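Here is a short report on one protein chain. It starts with the overall fold and then turns to a single helix.

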Amino acid sequence: MTEVFNVSRRGFIKGASAATGGLILGVSLPVFDALGQQVAPAEPGRLNTFVQIGSDGVVTITLHQAEMGQGVQTSLPMIVAEELEADWNKIRVVHASAIPVNGMEPAAMGTGGSRSVRVNFEPLSKAGATARQLMLQAASNRWAVPVSECIARNGVVSHPNGKSATFGELARGAANLVPPQNVALKPASERRLIGKPTTRLDARDHATGKAVFGIDIAVDNMLVGTVVQSPVFGGKLKSLDPAPAMAVRGVNRVIPMDDYFVVVATGFWAARKGAAALKPEWTAGANAKNSSEKIEAAMLAALKQPGAIAVDRGDGKAASKSAKKTVSATYQVPFLHHATMEPMNATAWVHDDKIEVWAPTQNAGRERYSIAEEFNVRPENVNVHVPYMGGGFGRRIGMGFIRPAIVASKAVGRPVKIIWTRQEDMTQGMMRPCAVSKLTAAVNEAGAPLNWENRLVVPSIAEQLTPTRVRNGIDPISVFGADVLRYDIPSQKLEYAMPSAGVPLGFWRSVPHSYNAFFIESFLDEIARETGVDPLVMRRGIMRGYPRHLAVLERAAKEAGWGTPLPAGRGRGIAIHESFGSICAQVVELEMPSPTTVRLLKMTAAVDCGTAINPKGIEAQIEGAMVFALTAAMYGRIDIKDGATVQRDFDTYKMALMQHVPPVSVHIIENGPIGGITEPGVPPLAPALANAIVAAGGKRYRKLPLMDEGIAFA
């Protein structure tokens with residue numbers, strides 16, 4: 001149960017309250033670990049989000065969720081403003097620093113897993129409703145009228161007797177009131193802001209260049225550096241002569257560490273020039289001979305062996321006996337990198353036993369404690385400021401990209417900003433795991449699977465990051481999206497194996513759903529075509545037990561014109577997947593001017609994310625996710641040779657270009673509980689694309705990226 005505190009009544013923040021002359025409410029929002037499991041806060045009762053109404057009527061919302069393009073600093077304030085009945089033009093958003101300010105300490109600052117809206121909807125709604133109730137009570141006290149007769153609208157409280165007062169005028173009176181603990185939320189039918197397409201609060205700042213990203217940070221007396229790491233995962237720095245770099249004009253210091261070194265200079269290019277002048281010697285370590293071929297061979301070998309049982313439902317033997325046909329296929333996807341458009345960066349200032357960091361991190365609260373522990377500084381002496389970030393996708397979780405800035409600042413005694421080159425980021429990034437899956441289905445005459453067997457082999461993220469989460473040989477992260485099928489299949493079995501890859505693994509946008517959806521939805525398409533059934537008709541027939549999913553599937557098909565005739569050489573592919581509490585179906589329409597050339601014509605998506613807070617933001621997120629997934633399906637792969645990544649920049653790790661992206665339409669359905677929206681648009685794209693190629697007369701492709709299969713995109 002969410003509790004809202006009137007912290008402006010607390011004596012220890014009198015200074016803050018007096019300065020604003022208004023009301024400050026504090027809320028303790030849920031805390032999650034790196035794997036998305038809700039955990040108890042480090043300090044029970046600690047507050048992490050604040051709603052402040054000043055005497056000027058401005059409503060300032062201090063949020064702990066990082067803004068990395070997903071629009072969270074608009075959608076979360078919309079939730080508060082809706083219940084508060086605030087004037088949207090007077091809403092301001094401040095990102096919390098990871099340190100106590102006037103007794104107000106943000107506790108949970110992790111951003112990921114498409115959780116921001118779905119887990120904070122209820123507590124933020126309650127915070128807004130509580131603030132509204134305090135405004136009404138303050139007006140009631142002022143006018144000596146029953147509170148039930150007061151009405152709040154658009155930042156003003158009014159009474160039928162003609163009296164009215166702005167929130168700003170009432171805020172000081174509200175600051176002394178005890179907040180009610182069981183406020184009623186509005187019925188959905190009375191909402192005036194939620195569900196209305198709303199322009200992002202930070203849109204103008206982004207359009208005008210005013211928005212400050214991590215790479216824009218500038219601190220007085222600051223130096224700029226760059227990092228060079230062992231090219232081999234796990235390699236160590238053997239020797240380094242700093243003299244050639246120190247001879248470069250502007251270079252201030254070369255700082256060797258265990259597995260990397262930093263060159264600090266008066267500017268980035270001087271640092272890069274200095275780094276390029278050096279000839280470090282590295283010891284490669286245990287991964288010296290690692291390669292994509294070795295990893296793939298280990299995975300295919302594991303595929304032939306029985307795995308740990310993750311799912312075992314029904315009687316497979318009995319189901320198979322009544323089947324008319326058995327279909328089997330093996331699918332495969334490679335390692336992927338995040339390739340955030342804003343290069344990795346962090347700025348640090350170590351002084352007077354304090355560490356101040358400016359970093360585009362997805363987890364400032366946790367990193368604050370990690371920094372304190374690693375550098376032996378008291379947590380209250382560490383602060384992490386979070387600027388905008390140009391893409392995260394899971395790459396900005398963990399303090400690996402922050403550490404070199406702290407090390408450098410500590411060494412030179414000045415603030416230092418470290419900028420990673422694209423090559424360095426791809427050298428030692430955290431990869432989305434490669435994966436392989438062998439699927440076998442026994443089907444009836446109508447193409448409906450009666451028995452479903454999936455043998456899945458994926459190197460384990462959990463084994464590397466949180467080994468205690470691995471139970472009985474099952475990494476729960478790796479099997480997400482394969483363990484629960486939203487189809488009426490009587491008998492299901494999922495086996496899992498997790499061979500070691502010798503590659504650092506991490507979260508990636510939609511993580512396992514990205515490959516499991518490709519495997520499952522491609523295979524269903526194969527089954528349909530093997531049995532001569534339309535892929536939509538086949539899915540429709542085995543989705544009767546999941547009406548919410550069926551509605552999304554039908555909407556996508558309808559909007560895409562599924563079933564209408566297409567000329568020769570054109571085709572449509574369909575796929576659907578549930579992830580992060582939302583359901584997304586997509587249809588890709590394309591043409592093939594030649595057997596190996598694909599030109600995308602149209603992409604259609606239908607999504608049910610429950611309550612749609614900001615339809616404009618949802619549309620942007622689904623569009624962005626589809627383009628992100630398109631890049632991975634077309635071009636994305638990281639290869640390993642001699643223990644190092646082969647792809648190290650955009651010349652070899654290609655992106656989808658504007659010319660590749662066809663018109664995209666997004667259709668929103670609100671049929672269920674609130675779900676996430678940042679990631680669910682990724683999983684269906686690759687299978688819908690691969691299925692469309694088959695529909696257009698092309699081959700069935702079971703490996704990604706399609707570029708490696710000889711497909712060119714016009």
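## Overall dimensions

For 714 residues, a compact globule would have a radius of gyration near 27 Å; the protein has 27 Å, so the two agree. The model is a predicted one. Its C-alpha trace spans about 80 × 75 × 45 Å along the principal axes.

## Fold and contacts

The protein holds 18 helices and 31 strands. Of its 714 residues, 59% count as buried. Take the contacts with a separation of 6 or more: residues 24 or more positions apart account for 76% of them.

## Surface and charge

The accessible surface is about 27600 Å². Carbon and sulfur atoms contribute 51% of that surface. The protein carries 75 positive and 64 negative charges. The mean positions of these two sets lie 1 Å apart.

## Helix H16

Helix H16 covers residues 547–560. At 1.5 Å a residue, its 14 residues should span 20 Å; the end C-alpha atoms are 20 Å apart, so the expected span is met. After H16 comes Gly 561, with a positive phi near 75°.

Which residues of H16 are buried? They are Arg 548, His 549, Leu 550, Val 552, Leu 553, Ala 556, Ala 557 and Ala 560. An α-helix has 3.6 residues a turn, so residues three or four places apart point the same way.

The buried residues of H16 pack against one helix, H15 (535–541). They also pack against strands E25 (570–579), E26 (582–594), E27 (597–608) and E30 (664–669).

Notes
Residues are numbered from 1 along each chain as its sequence is written. This is a predicted model: local features need pLDDT of at least 70, side-chain atom pairs count only at pLDDT 80 or more; totals for chains, interfaces and linings use all residues. Side-chain values use heavy atoms; hydrogens and water are left out. Helices (H or I, at least four residues) and strands (E, at least two) are DSSP runs, numbered from the N terminus. The expected span of a helix is 1.5 Å times one less than its number of residues. Buried means under 20% relative accessible area, exposed over 50%, partly exposed in between (1.4 Å probe, protein chains only). Contact means heavy atoms within 4.5 Å. The radius of gyration is taken over C-alpha atoms; the globule rule is 2.2 Å times the number of residues to the power 0.38. Accessible areas come from the Shrake-Rupley method with a 1.4 Å probe; for residues, only the protein chains shown count as cover. Lys and Arg count as positive and Asp and Glu as negative; His and the chain ends are not counted. The place of a charge is taken as NZ of Lys, CZ of Arg, CG of Asp or CD of Glu.
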